[in-house]
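Biologist: I have a chain on my screen and some labels to challenge. Can we go through them one at a time?

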Amino acid sequence: MILLTTPSQSPLIGELTPPGDKSISHRALIFSSLARGESQIEGLLIAEDVTATANACRQLGALIELEGGHTRVRGTGEKGLKAPGCALDMGNSGTAMRLLAGVLSAQPFKSELIGDESLSRRPMRRIVDPLSRMGARIETSPGGTAPLCIDGNPGLRGIEYHLPVASAQIKSCLLLSGLYAAGRTCVIEPQKSRDHTERMLPVFGVQLEQPCCVTGGSKLTAAHVNVPADISSAAFFLAGAAIVPGSDILVRNVGLNPTRDGILRVLQAMGADVEVGNHRVFGAEPVGDIRVCYSRFMEGITIPEEWVPSLIDELPVIMAMAAVTSGTTRIRGATELRVKESDRLSVMAQGLTALGVRLQEYEDGIDITGGGVQGGEADGAGDHRCAMSFAILGQVANGPVLVRGARQISTSYPEFAEHLLALGGNVKVQAVSPPV
Ligand code: S3P
């Protein structure tokens, strides 16, 4: 799929509710599948990544029914999963693969987790090493990537594990396997990563001990989860409104978990006109409405490294914003971007360079000097967040921007182009015919 954007003749104006939070949606499905009884999920993200998790949970025995925005899950109970008849395909989703690997390592059956080309390049030793210390038996490719062939071991032992990087996927994988392991499993992080697992497990009746420990044998009981709108999807429009002259948008029901809200701090520090109001809670997660108006006073900043975990998925769109704000934006401590759905530092650096942006790429970050963007072609390289970031930048370029490699937008935000158009943005979606 290709997106063709032409500079917005009009500002971005209006209200928007982005789709459900992807991280919370994966967890809601997995936890409900492991729970006894029927769970209800409101506002689940309906997009390819979460569909991969839903399909895998069905193959493992959960009954999942979707009706409008409402999802019912009849779980198997934590001991009731059944051996899947074939490999579980996690598509593009690292979260689905890593979290389910934690569960499957402890089951009394064999299973195999596979993924698409991008997921099959992503590092899995980061979960396989600690899981093996717990007694898991997992084979990877020689490079430590998927497919993961898991010979489940119901006799796992709890461990204390110091994460080498701040990663909610590793942390959640280990907490899930820890639910089945003898004794306690504790995870210690170098910096706090998103804490949706720690917030949601108690909703399903599992008590965590501080700081981040579970005890094997804990039972999950069915629950009701209300999924907030995804701040990572909202981020494209928050950034867009800040840089498209005359814009004024209100984004509703956005998850404001403090481990995810770094984009708001960056917008404010850059001089954007941002207001957050209507604070409330959806279950264990804080939520609010965010208004952003265009600001002519946006300036580049040095992003403090300690903010990086709380805005890791928003860095591509922050790089896009930096291309049109005055001064230089400096990002460091972001090596993790190299092992996301693509090498996001390299994909963004190449795309921005193709659009005439001045930048310097580093192993762990990038410096971007704002000064405007010219029309041209940028390749999202099959990475949803890079493709959407280029499409937002296309709204303020000096000419049309063609965004290639945009098909994977449907992994997290299938309605992106429709929402951009509804706010007054300019985007055309072109299908690419498959090679003959
Ligand atoms: C996620 C954790 C983060 C994030 C990803 C979703 C999660 O990855 O980038 O999009 O749902 O746990 P890491 O755990 O690799 O940092």
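Biologist: What makes Glu38 and Arg74 a salt bridge?

Modeller: This is a predicted model, so every value is computed from it. The closest N and O atoms of Glu38 and Arg74 are 3.9 Å apart. The cut-off is 4 Å between a side-chain nitrogen of Lys or Arg and a carboxyl oxygen of Asp or Glu. The pair therefore qualifies, with 3.9 Å set against a limit of 4 Å.

Biologist: Why does the pair tie together separate parts of the sequence?

Modeller: Glu38 lies in strand S3 (residues 38-42), and Arg74 lies in strand S5 (residues 70-74). The two parts are 36 residues apart in sequence, so the pair links them. The structure holds 33 salt bridges.

Biologist: How is the chain divided into domains?

Modeller: The domain assignment gives domain 1 as 2-20 + 228-430 and domain 2 as 22-226. Their centres, taken over C-alpha atoms, are 29 Å apart.

Biologist: How many residues does each domain bring to the contact?

Modeller: Domain 1 brings 29 residues and domain 2 brings 27. About 2,300 Å² is buried between the domains, and carbon and sulfur atoms give 46% of that area.

Biologist: Which three residues supply the most of what domain 1 buries against domain 2?

Modeller: Thr259, Glu341 and Thr411. They supply 23% of that area, more than any other three residues.

Biologist: What does Glu341 pair with in a salt bridge?

Modeller: Its partner is Arg122, with 3.9 Å from N to O. The cut-off is 4 Å, so the name fits. Between domain 1 and domain 2 the count is 4 salt bridges. There are also 15 residue pairs in polar contact between these domains.

Biologist: Which elements and residue classes make up the side of domain 1 that touches domain 2?

Modeller: Strand S16 (285-293) and helix H11 (384-393) each supply at least two residues of that side. By class, that side has 10 nonpolar, 8 polar and 11 charged residues.

Biologist: Why are Phe237 and Tyr413 called edge-to-face?

Modeller: Two values decide it. Their centres are 6.1 Å apart, and a pair needs centres within 6.5 Å. The planes meet at 80 degrees, and over 60 counts as edge-to-face. Both tests are passed, so the label holds. Phe237 lies in helix H7 (residues 231-243). Tyr413 is in the loop between strand S21 (401-404) and helix H12 (416-422), so the pair ties together parts 176 residues apart in sequence. The whole structure has 5 aromatic pairs.

Biologist: Where are the cis peptide bonds at Pro147 and Pro211 placed?

Modeller: Ala146 and Pro147 are joined by a cis bond with omega about 5 degrees. Pro147 is in the loop between strand S8 (138-139) and strand S9 (148-151). From Gln210 to Pro211 the bond is cis too, with omega near -5 degrees. Pro211 lies in the loop between helix H6 (196-203) and strand S12 (213-215).

Biologist: What is the phi of Asn253?

Modeller: Asn253 has a positive phi of about 60 degrees, although it is not a glycine. Asn253 lies in strand S14 (residues 248-255).

Methods. Residues are numbered from 1 along each chain as its sequence is written. This is a predicted model: local features need pLDDT of at least 70, side-chain atom pairs count only at pLDDT 80 or more; totals for chains, interfaces and linings use all residues. Side-chain values use heavy atoms; hydrogens and water are left out. Domain bounds come from an automatic or database domain assignment. Contact means heavy atoms within 4.5 Å. Buried area is the accessible area (1.4 Å probe) that two parts lose on being put together, summed over both. A polar contact is a pair of N or O atoms within 3.5 Å; within protein, one must be able to donate a hydrogen and the other to accept it, and residues adjacent in sequence count only if both atoms are side-chain atoms. Helices (H or I, at least four residues) and strands (E, at least two) are DSSP runs, numbered from the N terminus. Ala, Val, Leu, Ile, Met, Phe, Trp, Tyr, Cys and Pro count as nonpolar, Asp, Glu, Lys and Arg as charged, and the others, Gly among them, as polar. Rings of Phe, Tyr and Trp (its six-membered ring) pair if their centres lie within 6.5 Å; planes under 30 degrees apart count as stacked, over 60 as edge-to-face and the rest as tilted.
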